[in-house]
Amino acid sequence: EHQFYAPGTPPKEFHLSPDETVRRQYPSKVHDVAHEVAGLLAAPEAPREKRTVQPAGDAKSVVYLAEGTSDVEPERVKLRRQLTQLGFDVQPTQELRLLPARELRSTVATMIQRAQLVVHPVGGYYGFAPEGGEGKSLVEIQLEISQADSRDGDLSRIIWMPDDLVVQEDRQKTFLDPIRTVFAGRGF
């Protein structure tokens with residue numbers, strides 16, 4: 001799915017936004033859709049229900065690019081685009097926010113088990129907490145699942161935070177402490 005709007009109340013389509021930075025996202029989104037359509041058209045022999053975008057080349061390495069918060073989403077989108085263009089299978093391909101917590105955990109765990117690299121963008125907000133997720137944000141849930149992966153050394157994990165990170169919420173300040181103490185240097 002491709003979102004052609006900036007979150008907000010009400011959401012604004014990129015090309016209608018008064019913010020020039022938001023308007024500049026529109027051509028990139030069009031490029032993403034065109035790339036996906038080209039991949040679909042290049043594989044017409046695949047059965048419709050099994051058809052996926054397959055760039056040219058051999059079997060692809062899987063990268064799990066975790067969902068983050070709105071302040072790091074533009075960088076996440078750029079990274080997804082670059083990895084896809086390089087031929088990586090970038091997961092997730094669906095929006096995780098729409099899944100109930102019990103399904104979310106199993107879905108994320110399955111995707112991470114297939115991955116050779118996991119990248120966790122962490123921003124200044126604590127983020128969306130799914131229903132039934134014990135009050136934990138989607139960002140925190142994904143980090144916990146990644147940490148629990150038992151491949152010990154066979155899974156590369158990166159936590160990425162902007163150099164100029166400005167923490168916007170007290171809960172995020174509290175969450176950043178274990179990122180720096182529990183996660184950093186222990187498989188990440």
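User: Which residue in E6 is the bridge partner of Val119?

Analyst: E5 and E6 pair in the parallel sense over 5 bridges, where pairing takes at least two DSSP bridges between two strands. Strands here are DSSP runs of E with at least two residues, and helices are runs of H or I with at least four, both numbered from the N terminus. Within E6, the partner of Val119 is Ile158.

User: Before we go on, which pLDDT do local features need in this model?

Analyst: Residues count from 1 along each chain as its sequence is written, and side-chain values rest on heavy atoms, with hydrogens and water left out. The model is predicted, with side-chain atom pairs counted only at pLDDT 80 or more and totals for chains, interfaces and linings taken over all residues, while local features need a pLDDT of at least 70.

User: And what does the protein chain average in pLDDT?

Analyst: That score is the predictor's confidence in each residue, on a scale from 0 to 100. Of the residues, 71% score at least 70. The chain average is 79.

User: Over which residues does pLDDT stay under 50?

Analyst: Where pLDDT is low, the predicted coordinates should not be read in detail. The stretch in question has 12 contacts beyond four places in sequence, a contact being heavy atoms within 4.5 Å. The low scores cover residues 44–57.

User: Back to the sheet: which strands stand at its edges?

Analyst: The sheet is open, with 4 strands in the order E4-E3-E5-E6 and parallel pairing. Two strands have a single partner each, so one side of each is left without a neighbour in the sheet. Those edge strands are E4 (89–91) and E6.

User: In E5, which residue is the bridge partner of Tyr64?

Analyst: E3 and E5 run parallel and are joined by 3 bridges. Val63 stands opposite Leu117 in E5. For Tyr64, the partner in E5 is Val118.

User: How many of the residues of E5 are buried?

Analyst: Buried means under 20% relative accessible area, exposed means over 50%, and partly exposed lies in between (1.4 Å probe, protein chains only). On that scale E5 is mostly covered. The count of buried residues is 4 of 5.

User: Why is helix H5 largely enclosed by the rest of the structure?

Analyst: The buried residues of H5 pack against strands E3 (62–65), E5 (117–121) and E6 (156–160), and also against helices H4 (101–114) and H6 (170–183). Among those buried are Leu138, Val139, Ile141 and Leu143, along with Glu140 and Gln142. H5 spans residues 138–148 and is largely enclosed because its buried residues number 8 of 11.

User: Which element gives the largest share of the largest nonpolar core?

Analyst: A nonpolar core is a set of buried Ala, Val, Leu, Ile, Met, Phe, Trp, Tyr and Cys residues joined through side-chain atoms within 4.5 Å. The largest has 15 residues, and those touching the most other members are Tyr64, Leu96, Leu104, Val108, Ile112 and Val118. E3, H4 and H5 each supply at least two residues. The largest share, 4 residues, comes from H4.

User: How many residues are in the second, separate core?

Analyst: Ile112, from the largest core, touches residues including Tyr64, Val118, Ile145 and Leu155, not counting neighbours up to four places away in sequence. The separate core includes Phe175, Leu176, Ile179 and Phe188. Its residue count is 9.

User: How far apart in sequence are the parts tied together by Glu67 and Arg97?

Analyst: These two form a salt bridge, with the closest N and O atoms 3.7 Å apart; the term means a side-chain nitrogen of Lys or Arg within 4 Å of a carboxyl oxygen of Asp or Glu. Glu67 is buried at 7% relative accessible area, whereas Arg97 is partly exposed at 30%. Glu67 lies in the loop between E3 and helix H3 (73–85) and Arg97 in the loop between E4 and H4, so the pair ties together parts whose separation in residues is 30.

User: Which residue meets Arg114 in a salt bridge?

Analyst: Arg114 belongs to helix H4, and its partner lies in strand E4, 25 residues apart. Arg114 is partly exposed at 41% relative accessible area, while the partner is buried at 16%. The N to O distance is 3.0 Å, and the partner is Asp89.
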